[in-house]
Amino acid sequence: MPALFTYKANKSRQYFLSIGLVVVVSAICYLLSDYMGYRVVALILMVTVSFIAMFYSILPVLVCAILSALIWDYFFIPPYFAFTVHDTEDLLMLMMYFIIAMVNAVMTYKIRQMEKAAQEREEKEKTVMLYNTLLNSLSHELRTPISTIIGATDNMLSELNNLTEQNKNDLLKEISDASLRLDRQVENLLNMSRLESGFLKPKKDWCDINELIHDVANKYTGNIDNHTINIQVKENLPLFKLDFVLIEQVLNNLILNAILYTPKYCIVTIMAMCKNDNLILIIEDHGNGFPPEEIDKVFDKFYRLKNTKPGGTGLGLSIVKGFIEAHNGKVKLENIPEGGARFTIEIPAETTYINNLKNE
Amino acid sequence: MNELEILIIDDEVQIRKLLSITLHSNNYKVLEAANAKEGLALAASCSPDMILLDIGLPDESGHIVLKRLREWYNKPIIILSVQNCEDDIVKALDNGANDYLVKPFRTGELLARLRSAIRSTNIEESQPVFDLGDLYIDLSTHTVKKNKEVIKLTSTEYYLLALLVVNEGKVLTHQYILRQVWGVGYISQSQYLRVFIAQLRKKIENDPNRPEYILTESGVGYRFVAKE
């Protein structure tokens with residue numbers, strides 16, 4: 001039913017169905033003309049046209065209005081089978097029928113236009129509101145490190161300060177941390193805008209997954225005290241054709257997330273394997289996992305878990321999803337029964353086993 | 001020690017200031033240029049010992065400045081770039097840049113790159129022996145020793161290692177390595193490079209998963225470093 005009677009149905013179909021409906025209704029009326037007067041037929045036809053006007057666009061409705069007026073005149077108003085009308089009353093009725101049908105068609109069309117405009121306005125308002133909320137939270141997240149930097153530097157530059165060497169070092173450490181955090185957030189924003197622009201095309205080249213994973217993980221050794229990164233790469237893994245930099249970014253965001261949001265001494269496990277030419281990457285931690293009701297939302301842009309600690313932009317995971325989808329891959333998040341979260345990434349890719357052949 | 005003179009071509013005042021303070025305090029002399037035109041003029045009149053060139057200049061692309069400089073200037077040029085611009089970096093390296101730094105960079109990284117670029121130009125006569133502690137490479141006899149024991153390398157592995165070692169400290173793009181070791185016909189066959197790098201690491205690194213000699217430069221290439 002909805003498919004037949006929406007105004008999205010294509011033009012020729014609209015004409016065909018609406019004219020058909022008028023003809024069928026007229027035919028039924030004609031068969032029943034012994035039981036009812038021809039003026040009732042005018043009303044029945046008017047209802048039919050109004051019904052059509054509710055769903056179809058203006059032109060087919062106007063065509064139906066004219067057609068139904070002509071049919072009524074030709075088949076139902078005496079003399080039958082002629083367009084001539086002798087009775088003045090009938091002539092008046094025919095003219096009025098014609099006018100009412102036209103007005104009906106035009107009014108219905110206008111109402112529909114207004115409804116559409118109102119709907120669009122509402123949607124636009126919603127988007128603007130959403131963006132305002134996002135910008136607010138984002139600027140807050142960017143402001144925090146900036147405030148730290150401004151405060152700490154002011155303090156050090158102030159002639160009145162009587163900071164000890166230890167104080168100064170602490171402040172410098174704060175500045176350094178804040179600027180690194182700022183850098184991370186800007187990088188996420190840049191990546192997001194690359195994704196949003198729609199121009200992100202992975203530069204695929206042969207990748208050694210073992211090398212890729214260790215390259216990311218090694219950046220964290222020495223910088224983390226309380227977490228361990230455990231890497232399990234299946235032996236004899238083929239080379240995969242992927243964008244090395246994008247997949248590194250994916251792993252980086254997931255590892256960073258795990259380190260930032262799991263308790264001390266948690267182990268973060270990264271696994272890689274090949275299944276039917278698909279690269280499978282699993283990133284697991286043994287933290288507290290995600291609240292089940294929020295799992296579906298964590299990949300949404302700017303979404304941050306309720307009751308989470310401040311400091312993120314809510315972009316990390318949506319970038320993960322975006323970069324994987326740019327490779328036509330999928331990412332899934334689930335909580336593990338023993339506690340913790342597991343991200344499973346599956347990316348279809350060209351593979352080669354040249355690395356496992358005997359060379360030379 | 002006579003001071004080396006470094007020309008900074010960057011339109012950002014803050015970056016120039018930061019670089020100039022850092023370099024001054026490490027006994028370099030500094031020249032500053034805010035755009036391509038000034039930079040080219042200063043390079044020609046002062047002939048500095050090294051140039052730090054920003055890729056995103058207001059009046060002309062850094063790539064064009066690089067090409068114009070390389071018509072006559074043969075001392076090190078280090079490119080300053082921003083994140084996510086691996087294509088830019090590869091292009092600049094292929095056009096004769098010696099190295100690159102991605103903003104924001106750490107001071108330690110900056111100084112290390114400067115030292116290695118200067119070192120590479122100071123080696124006048126090519127030396128055949130590289131004694132790097134637990135790794136020993138003699139190019140005249142094709143000998144490679146790890147912890148004083150000779151290790152067996154296939155000829156491709158050896159040529160790959162030799163290329164990396166001779167260019168110690170410098171990043172080599174994937175394409176450059178493929179062209180030098182395998183030949184022009186192989187520049188799109190990066191799978192060989194990945195495989196041989198992995199094999200080579202297994203033979204010369206203490207932990208192939210935490211390489212200390214052959215470093216991966218994501219999206220750009222590889223860099224051989226001598227442990228300090």
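## Sheet, helix and domain contacts in chains A and B

Six bridges link strand β1 (residues 4-9) of chain B to β2(B), and the two run parallel; strands count as paired if DSSP finds at least two bridges between them. The model is predicted: local features need pLDDT of at least 70 and side-chain atom pairs count only at pLDDT 80 or more, whereas totals for chains, interfaces and linings use all residues. Residues are numbered from 1 along each chain as its sequence is written, with chains lettered from A and ligands numbered from 1 in the order in which they are written. Helices (H or I, at least four residues) and strands (E, at least two) are DSSP runs numbered from the N terminus.

Within the pairing of β1(B) and β2(B), B:Leu4 has B:Tyr28 of β2(B) as its bridge partner. These strands belong to an open sheet of five strands with parallel pairing, in the order β2-β1-β3-β4-β5 (chain B). Because β2 (28-33) and β5 (99-102) of chain B each have a single partner strand, they stand at the edges, and one side of each is left without a neighbour in the sheet. From one strand to the next, the twist averages 20°.

Two helices of chain B pack on this sheet, as the table shows. Contact between residues means C-beta atoms, placed from the backbone, within 7 Å. Axes are lines fitted to C-alpha atoms, for helices over the stretch in contact, and angles run from 0 to 180 degrees between N-to-C directions.

| Helix of chain B | Strands of chain B touched | Angle between directions |
|---|---|---|
| α1 (residues 13-25) | β1, β2 and β3 (50-54) | about 165° with β2(B) |
| α5 (residues 107-122) | β1, β3, β4 (77-81) and β5 | about 175° with β5(B) |

Chain B is assigned domain 1 (4-122) and domain 2 (129-224); such bounds come from an automatic or database domain assignment. The centres of these two domains of chain B, taken over C-alpha atoms, are separated by 27 Å. Eleven residues from domain 1 of chain B and six residues from domain 2 of chain B form the contact. On the side of domain 1 of chain B that touches domain 2 of chain B, α4 (86-94), β5 and α5 of chain B each supply at least two residues. The most comes from α4(B), with five residues. By class, this side of domain 1 of chain B has four nonpolar, three polar and four charged residues. Here Ala, Val, Leu, Ile, Met, Phe, Trp, Tyr, Cys and Pro count as nonpolar, Asp, Glu, Lys and Arg as charged, and the others, Gly among them, as polar.

Further strands of chain B pair in the antiparallel sense. Strand β12 (residues 221-224) of chain B pairs with β10 (residues 171-173) of chain B over three bridges, and B:Thr173 stands opposite B:Gly221. Four bridges join β11 (residues 214-217) of chain B to β12(B), with B:Thr216 and B:Tyr222 as bridge partners. Three residues lie between the strands of the hairpin of β11(B) and β12(B), where B:Gly219 takes a positive phi near 75°.

In chain A, the axes of helix α1 (residues 11-31) and helix α2 (residues 38-55) come within 10 Å and cross at roughly 160°. The helices α1(A) and α2(A) are therefore roughly antiparallel, a term for angles over 145 degrees. The residues of their contact divide into eight nonpolar, three polar and no charged.

Key: Parallel < 35°, antiparallel > 145°, perpendicular 65-115°, else oblique.
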